[in-house]
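Work through the exercises below with the sequence and model open. Try each task before reading its solution.

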Amino acid sequence: MTRSCSEDTARLLLIYLATGLAAGGMPAHEVEDDLRTVAGRIGYPDAQVDAAPTSVRLRLGPGEPATFEAVEGGLRLDQLAEVTEIEVGLLSRRLAPEDALQRLRTLRRRPHRYSLVGIYAGGFLVSAGLALVLHPALTSVVFALVVSPLVTSLIVLAGKSRTISTLLPLIAALPVALLAFAAADLGWVDGPLRALLPPLAVLLPGALMVTGLSELAAGAMVAGSARLAFGTTQLLLFAVGVAGAVLALQPPMSQLTTARADQFGWWALPLGVLAVTLGIALMESVPLPSVPWVLCVIALTAATQAFGQGPLGSAWAGAFLGGVAASLGSSVVEFLRPHLSRVVVFLPSFWLLVPGSLSLLSLTQYETNPRAAADALLLAAGMMVAIALGVIVGASVARSLRRVARRTGLRRVLQRLPRRRQAR
């Protein structure tokens, strides 16, 4: 097989591409599959890849020297989209390996499209939107809007301080919980445990833990176990922060209930979904042409989950169907728009599937009502498993549909249609 670049270039290109995909949150087994495909396309079909959440090891062939690269922090969604565009360019041979390597070298220096103002505006919209979805009450929405700048500021500082980044769940949960219980004591907030979730939901590790479960199901045992352990630790730090606020303020038992308010009616969910989508786009620097696709997948996920929880009357059914919708819908978007990564439109959906929120609620209830907390924790664990199964089923259906599309020539027809170039 003809090699399109030297071994040194191929080694750096593949290792940087792998760490970019891993930093974007892609499951380890999918990173390995993608890298082997790209390696074969540039002339190294025997490449060996070992991906983990925090590092990647690569050999260009059996017995060849190994290259190690650490995954240094996460990527924004626009940066992940750039990595996917590079991958598609390599697979289609429209992008030379040397040019791809240069783009990957400068990827992390790409400035935020909407600057700091966009990040804070996105925080407002995401917090308000999640309040409409998780606890649709006027006081909850107002509280989310007031507190969101605090959480956004901590997220910005975490990118500059290792200490703040490590302790971010605790540092964020404690002041937000203190404010929530203090506001409830003044009669400004109903259900403070529910009200504190929307500002914190962007930090909860629900997507991380579901990804870990899907990795375990796919046989990536080391990566899956590591993600689950890390996600559980994050949840415990959140719970410690909320428990610290409870110990400091000693709120009455009536404030420690987790009943969900519903003051607005049916329109709260679609409005919340729209606000969350726009907020994610601003916070994650998503290009404007990609926002409608993100909205489609989020809306499909929310509607499917609501159908499972409503007419079917089962939280687990809603979680499973939501996982199927998110996985299948994002795969269809990637098929229609190859330059838009499935993960880019897939990850935001987890902010609506709320497995992390339920887990945090159950942990914070443990001191006051152990039996109810155990039931809630079991429900949260079951929902995570249901979401993971839904993601796996959706991905399997998507693979079958792609095979049918290839056999019928549908992809070639779609590729001939005029398309606008993705904004960077």
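**Exercise 1. The hairpin**

In which sense do strand 1 and strand 2 pair, and over how many bridges?

Solution. Keep in mind that this is a predicted model.

- Step 1. Locate strand 2 at residues 55-59. Its pairing with strand 1 is antiparallel and runs over 4 bridges.
- Step 2. Check the connection. The two strands, 1 and 2, form a hairpin, with 3 residues between them.
- Step 3. Find the bridge partners in strand 2. Val-49 has Leu-58 as its partner. Ala-51 has Val-56.

**Exercise 2. The whole sheet**

Give the strand order of the sheet, name its edges, and place the helix that packs on it.

Solution.

- Step 1. The sheet is open and has 3 strands in the order 1-2-3, with antiparallel pairing.
- Step 2. Strand 1 (48-51) and strand 3 (67-70) are the edge strands, since each pairs on one side only.
- Step 3. From one strand to the next, the twist averages 15°.
- Step 4. Helix 1 (residues 7-23) packs on this sheet and touches strand 2 and strand 3. The direction of helix 1 makes about 150° with that of strand 2.

**Exercise 3. Two faces of strand 1**

Which side chains of strand 1 are buried, and which are not?

Solution.

- Step 1. Start from the general pattern. In a regular strand, side chains alternate between the two faces of the sheet.
- Step 2. Apply the pattern to strand 1. Val-49 and Ala-51 point to one face and are buried. Gln-48 and Asp-50 point to the other face and are not buried.

**Exercise 4. The nonpolar cores**

Which residues of the largest nonpolar core touch the most other members?

Solution.

- Step 1. The largest nonpolar core holds 101 residues. Leu-14, Leu-17, Leu-35, Leu-196 and Leu-200 touch the most other members.
- Step 2. Follow one of these leucines. Not counting residues up to four places away in sequence, Leu-35 touches Leu-14, Leu-17, Ala-18, Leu-21 and Val-49.
- Step 3. Look beyond the largest core. Another core of 7 residues lies apart from it, and includes Ala-131, Val-141, Phe-264 and Ala-268.

**Exercise 5. A cavity and its lining**

Which helix gives the most residues to the lining of the second largest cavity?

Solution.

- Step 1. Count the cavities. There are 2 of 30 Å³ or more.
- Step 2. Take the second largest. It encloses about 50 Å³ of space.
- Step 3. List its lining: Gly-123, Val-126, Ser-127, Ser-148, Val-151, Thr-152, Ile-155, Pro-199, Val-202 and Met-283.
- Step 4. Assign helices. Helix 5 (115-134) and helix 6 (138-158) each supply at least two lining residues. Helix 6 gives the most, with 4 residues.

**Exercise 6. Two polar residues**

Is Gln-79 buried or exposed? Is Ser-140 buried or exposed?

Solution.

- Step 1. Recall the cut-off: buried means under 20% relative accessible area.
- Step 2. Gln-79 is found in helix 3 (residues 77-91). Its relative accessible area is 4%, so Gln-79 is buried.
- Step 3. Ser-140 is found in helix 6. Its relative accessible area is 0%, so Ser-140 is buried.
- Step 4. Add the contacts, not counting residues up to four places away in sequence. Gln-79 touches Leu-107, Arg-108 and Arg-110. Ser-140 touches Ala-131, His-135, Ala-195 and Pro-198.

Key: Residues numbered from 1 in each chain as written. Predicted model: local features only at pLDDT ≥ 70, side-chain atom pairs only at ≥ 80, totals over all residues. Heavy atoms only, no water. Pairing = 2+ DSSP bridges. Axes fitted to C-alpha atoms, helices over the stretch in contact; angles between N-to-C directions. Contact = heavy atoms within 4.5 Å. Core = buried A, V, L, I, M, F, W, Y, C linked by side-chain atoms within 4.5 Å. Buried < 20%, exposed > 50% of the residue type's maximum accessible area, 1.4 Å probe, protein only. 1 Å grid on protein atoms, 1.4 Å probe; cavity = no way out; pocket = protein on both sides within 12 Å on 5 of 7 lines; lining within 4 Å. Points joined across faces, edges and corners; volume = space filled by probe spheres on them.
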